[in-house]
Amino acid sequence: MRHLARVSAFQGIYQLDMGDTVIEAAAAHVAEENELNEKQIAFCTELMHGWAEHKDEIDEAIEKNTSGWKLDRLQSVDRNILRLACYELLYSESVPPKVAINEAIEIAKVYGDDSSPKFINSVLDKISKRIFHTNGVHSHQRKQLPFITQ
């Protein structure tokens, strides 16, 4: 159930990144396209709003962990999978870090190119280690993490 909602959130974030639309329109489009139920729509919308609320911090975290790549140079599919997964890693206390990473890899296998899963895993692994190991943050203490600006 949550996997389809995550895929839909990725698709919605991708739409927002590519064009001139708003979250509600993108969420409605992917919900209809993927035939989401009410719980899936709520989770999808929560993910999309969460990403939008923390977009600047999420984008900065991605850039700091892509070995010198600017965000706009990343493939759009990879960029938006990373955005979704980073939101879950950084701000969603109900999602274990391994689940966020594994879900992102599975989405990358379907929507990315052959190198996407490995790239996504590498970036998210760096971010996860930086949060949970270097800073001693436990998965239930994710809100407003200071590592992003260091």
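**Aromatic pairs around helix H1**

In this predicted model, the count of aromatic pairs comes to 3. One of them joins Phe10 and Tyr14: the ring centres sit 6.1 Å apart and the planes meet at 55°, so this pair is tilted. Both residues belong to helix H1, and being 4 residues apart there puts about one helical turn between them. That spacing fits the usual helical pattern: an α-helix has 3.6 residues a turn, so residues three or four places apart point the same way. As for burial, Phe10 has a relative accessibility of just 3% and, with the limit for buried set at under 20%, counts as buried. Tyr14, at 28%, counts as partly exposed.

Phe10 also pairs with Tyr111, again in a tilted arrangement, with 5.2 Å from centre to centre and 55° between the planes. Here the partners come from separate helices, Phe10 from H1 and Tyr111 from H6, so the pair ties together parts that lie 101 residues apart in sequence. Tyr111 is partly exposed, its relative accessible area being 34%. Taken together, ring pairs link Phe10, Tyr14 and Tyr111 into a cluster.

Now for the helix itself. H1 runs over residues 2-18, and at 1.5 Å a residue its 17 residues should span 24 Å; the end C-alpha atoms are indeed 24 Å apart, so the two agree. Phe10 has company in being buried along H1, with Ala9, Gln11, Ile13 and Leu16 among the other buried residues. The cover over the buried residues of H1 includes helices H2 (23-33), H3 (38-53), H5 (76-91) and H6 (97-111). One more ring contact deserves a mention: Arg2 lies over the face of Phe43, 3.9 Å from the ring centre.

How values were computed:
Residues are numbered from 1 along each chain as its sequence is written. This is a predicted model: local features need pLDDT of at least 70, side-chain atom pairs count only at pLDDT 80 or more; totals for chains, interfaces and linings use all residues. Side-chain values use heavy atoms; hydrogens and water are left out. Helices (H or I, at least four residues) and strands (E, at least two) are DSSP runs, numbered from the N terminus. The expected span of a helix is 1.5 Å times one less than its number of residues. Buried means under 20% relative accessible area, exposed over 50%, partly exposed in between (1.4 Å probe, protein chains only). Contact means heavy atoms within 4.5 Å. Rings of Phe, Tyr and Trp (its six-membered ring) pair if their centres lie within 6.5 Å; planes under 30 degrees apart count as stacked, over 60 as edge-to-face and the rest as tilted. A charge sits over a ring if NZ of Lys or CZ of Arg is within 6 Å of the ring centre and within 35 degrees of the ring normal.
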